[in-house]
Amino acid sequence: MPAPSQLAIATAAVTRLLKEEASYHKELAEQEQQIAKLEQEIKNAGSHENDDGNAEFMLKQNKTALEQTKAVLGPLRERIDAAVVKLEDQIAGAEGPVDGVSEELESAKKVLGEAKKS
């Protein structure tokens, strides 16, 4: 089995980074919901009437986790942008005189389009 081409590698890298970014956005939404739920529980029950007495601690922990997730998104976006540039270069090189990579090229263009949408 031949080694994957540079175009296939660049395409896979962008795809993986986009999936990672989507995962972090999903996690971010879940954390925001959990924070809202805890804030509502604290508001409704009062800070001294919690079942186990640690709702405020859990709220603080969830807010810290939310900030950490947000901090990951900036550098991740930079990595995606760099991977997109590399993919664009690979596509430009593959569109030249080289034939036989049309399936990889189409896949790369599709991933590039998805990356530019996000």
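Which helices are included in what covers the buried residues of α3? In this predicted model, the cover over the buried residues of α3 includes α1 (6-45) and α2 (55-94), and the views below take up these helices in turn.

**View 1. Overall arrangement of the protein chain, with 3 helices and 0 strands.** Read along the sequence, the elements of the predicted model follow the pattern α-α-α. Of the contacts with a separation of 6 or more, 80% are accounted for by residues 24 or more positions apart. Buried residues make up 27% of the 118 residues in the chain, and the accessible surface comes to about 8,000 Å², of which 53% belongs to carbon and sulfur atoms.

**View 2. Helix α3 and its two faces, residues 102-117.** The 16 residues of α3 reach 23 Å from the first C-alpha to the last, close to the 22 Å expected at 1.5 Å a residue. Buried in this helix are L105, A108, V111, L112 and A115; because they cover an arc of only 130 degrees around the axis, these residues lie on the same side of α3. The face turned away from this buried side carries S102, E103, E106, K110 and K117, which are exposed.

**View 3. Helix α1 and its buried residues.** With 40 residues, α1 reaches 58 Å from its first C-alpha to its last, close to the 58 Å expected at 1.5 Å a residue. Its buried residues include the nonpolar L7, V14, L28 and I42, and among them are also T11, E21 and Q31. What covers the buried residues of α1 includes α2 and α3.

**View 4. The largest nonpolar core, with 17 residues.** The residues with the most contacts inside this core are L7, V14, I80, V84, L87 and I91. Each of α1, α2 and α3 supplies at least two residues of the core, and the largest share, 7 residues, comes from α2. In soluble globular proteins, nonpolar side chains tend to be buried together.

**View 5. Surroundings of V84, and a second core.** When its neighbours within four places in sequence are left aside, V84 is in contact with V14, L112 and A115. Of these partners, L112 and A115 are among the buried residues of α3, while V14 is one of the buried residues of α1. A second, separate core of 8 residues includes L28, I42, L66 and L73, and of these L28 and I42 are listed among the buried residues of α1.

Notes
Residues are numbered from 1 along each chain as its sequence is written. This is a predicted model: local features need pLDDT of at least 70, side-chain atom pairs count only at pLDDT 80 or more; totals for chains, interfaces and linings use all residues. Side-chain values use heavy atoms; hydrogens and water are left out. Helices (H or I, at least four residues) and strands (E, at least two) are DSSP runs, numbered from the N terminus. The expected span of a helix is 1.5 Å times one less than its number of residues. Buried means under 20% relative accessible area, exposed over 50%, partly exposed in between (1.4 Å probe, protein chains only). The arc is that of the directions from the helix axis to the C-beta atoms. Contact means heavy atoms within 4.5 Å. Accessible areas come from the Shrake-Rupley method with a 1.4 Å probe; for residues, only the protein chains shown count as cover. A nonpolar core is a set of buried Ala, Val, Leu, Ile, Met, Phe, Trp, Tyr and Cys residues joined through side-chain atoms within 4.5 Å.
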